[in-house]
Amino acid sequence: MKRSFGIKAGGAVMAALLNATMLTTANAQHGQDLGPLNVVDPWLKAWQDATPEHPPTPPTPGVDYGMDPETGAFRHPVSTPLTTSAPSFPGQLDHWDQNSYAKNVDVVAFYPAVTSPWHAWASVVDFEGKRFLYTHDRDYLRIMDVTDPRQARIVWSQGGVWSAEGSSEDFDSSAVTDYFGGVTIAWSPSLQRNVLVASYEIGRFGLMEDKRRQPDKVEAQRHYNSLKGFKVYAMNGPTPDQWELIATRTTDYQHPDAPIGEQQGSGALDSVTWWGGQYMLLSAAPDDSYGLTEYPDYLYSPGYQVWDMADPADPKFVSQVTVPGQVLGDPESEAAYRANPRAGNRTSWMGSRTPIVLSRPVEEGGKIGFGGMGGLGFYSFDLSDPAQPKTLGHISVPPSFAGTEFDNVDVSQYDRTGFVFSNGYPMNENCYEPYKDIFSIDARDPANLRVAAKFPRPTPPPGAEFTDFCQRRGSFGPKRSGGLGQPEYGRQGIVPYAFYNAGIQIFDVSDPAQPAIAGYFVPRFANETEVPEYTFGNSTFAVFTEYDRNIIWAFSVNGVYALSTPLLGEPKFTAPDKPWPERRQPQ
């Protein structure tokens, strides 16, 4: 996720936006003062005592970074603090581009005001011959009947709807008591029903600005007012009024009966990896000792967990996966952390944001998993024995902050090629941070990983009034490629990515060592008749592809696009031939 703020309707949204997630250096630069250091929490104090102090100095636009007048290309800064007030730079457009650009992509339909302008998790589920698209974040849920993607309609709406005035409903992150996060939906052979697993985690945004200066807000997160874990629902139909809650678990596995407010750790981040069978993987910091992280408004360094879901109504904890550099009080872990060049920058995300991913379930032969651990690097794991996962390989790359590193992991081509893809994504607008590459990683020998290539950096199409996407304003860089919940999991040789102000970029990965751009759809920016201007820069922030119908859903701040491309094949505008999630057989 890029941002999700403590949202208030109307003008108060702007105030929330301008006051969120700013480093001390950025606060000082823009005249805000959260006061002196005031670290009271013992775990936070241990982190501060164990790490050096060298936050990045804000670079000067046009001097330390900016446009190269000879080449027309943008030179990114070397490092930056995390900020919501990124400066503009000489040569940037003074308006929001209202042109759209496409290559090998057609627009099937556009649906305004479906998501929020900040983020969307997406899933599709088939019920009784109809396909439903789920889009949600913590403050909204929209369910659309997309059986004919040309004539989709909303059948369930919950939470704020955005317009030019902002959100239709107040949302205060600090007051949430049922923090519904990412979901994974799978067919359960044992229950003979679709089952939804919903992650519940500490809100990552809108709760505090600087953990070293707001002890009251740190204490509130330690005693969070929502579940830290996950819930399991049996789906008797497509809408929540037809769902049955069958299990609730905390990821604080050492205190499985701890009530809300006393559960430690982060909860389950994003959506889980699960196909409906025995083993489920998720991202979580199990307790408060997992605190070696530089991020200014987040307390945890999440690792991974394995759960036994043979009976979805009775999930059982199996194992915790931890890598060096996560745990306070462990001398070896602290030493590994201090050896990381990011230690002390008070900016970098350390630990996972998404679960370990595999190309197939463990119980069906999926033994090798991959995980992006932010500034801690990229890992491969042996899951042959889920009770004792083993670390196999690891790679690190030069620091790239602000923004996240090694977040998204795509394994869609792994079985065919032995290659996987991983990337971080921008958190600052106006290219006020290093560019975030998509790395093509040779994992044919998972114990000896290596970066084989970087995906090409998108360039503006012919006729654009800018020579580099950084000039177009807003955020620029890759986000994610849609995840394991996409029907058929992927398409060999093709991978679409959401790319913020560069829209949807479709890459030819038939040779993963030589990825190339094969198509794109770059929508116009939103305008002030649709949503407030301060949302425009988030642009296109998510993608979800129905590979069984050759439909790409692109999520932008002002609505959702249904797209088709000859790179995937002819789109299908009727119900799919086989229901999704697929009906896997008992093992």
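Which residues of strand 24 point one way and which the other way, and are they buried or exposed? In this predicted model, Ile438, Ser440 and Asp442 point to one side of strand 24, whereas Phe439 and Ile441 point to the other side, and all of these residues are buried. Strand 24, which spans residues 438–442, is accordingly described as mostly covered, with 5 of its 5 residues buried.

The neighbours of strand 24 can be followed through its pairing. Strand 23, made of residues 419–423, pairs with strand 24 in the antiparallel sense over 5 bridges, and within this pairing Val420 stands opposite Ile441 of strand 24. Strand 24 is also joined to strand 25 by 4 bridges, and these two strands run antiparallel. Here the residue to look for is Asp442, whose bridge partner in strand 25 is Arg450. In general terms, the strands of a sheet pair through backbone hydrogen bonds, and they do so in either a parallel or an antiparallel way.

Strand 25 (450–454) also leads to the next residue of interest, since the loop between strand 25 and strand 26 (494–498) is the place of Glu488. Glu488 is not a glycine, yet it has a positive phi of about 70°. Is Glu488 buried, partly exposed or exposed? Glu488 counts as partly exposed because its relative accessibility is 46%, a value that falls between the limits of 20% and 50%. When residues up to four places away in sequence are not counted, Glu488 touches Tyr547, Asp548 and Trp580. By contrast, the C-alpha atoms of Glu488 and Tyr337 are separated by 39 Å, and these two residues are 151 residues apart along the chain.

Trp580, one of the residues that Glu488 touches, takes part in an unusual point of backbone geometry itself. It is joined to Pro581 by a cis peptide bond, with omega about 0°, and Pro581 is found in the segment after strand 31 (559–564). A second cis peptide bond runs from Phe401 to Ala402, with omega near 15°, and Ala402 lies in the loop between strand 21 (390–395) and strand 22 (408–410).

The loop between strand 21 and strand 22 also holds Phe406, which has a positive phi of about 40° although it is not a glycine. Is Phe406 buried or exposed? Phe406 is buried because its relative accessible area is 4%, a value under the 20% limit.

Elsewhere in the chain, 4 strands form an open sheet in the order 15-16-17-18, with antiparallel pairing. Its edge strands are strand 15 (269–273) and strand 18 (316–321), each of which pairs on one side only, and the twist from one strand to the next averages 25°. At one edge of this sheet, strand 15 is joined to strand 16 (residues 279–284) by 2 bridges, and the two strands run antiparallel. A reader who wishes to locate this pairing in the model can look for Leu269, which stands opposite Ser283 in strand 16.

Terms used:
Residues are numbered from 1 along each chain as its sequence is written. This is a predicted model: local features need pLDDT of at least 70, side-chain atom pairs count only at pLDDT 80 or more; totals for chains, interfaces and linings use all residues. Side-chain values use heavy atoms; hydrogens and water are left out. Buried means under 20% relative accessible area, exposed over 50%, partly exposed in between (1.4 Å probe, protein chains only). Contact means heavy atoms within 4.5 Å. Two strands pair if DSSP finds at least two bridges between them. Axes are lines fitted to C-alpha atoms, for helices over the stretch in contact, and angles run from 0 to 180 degrees between N-to-C directions.
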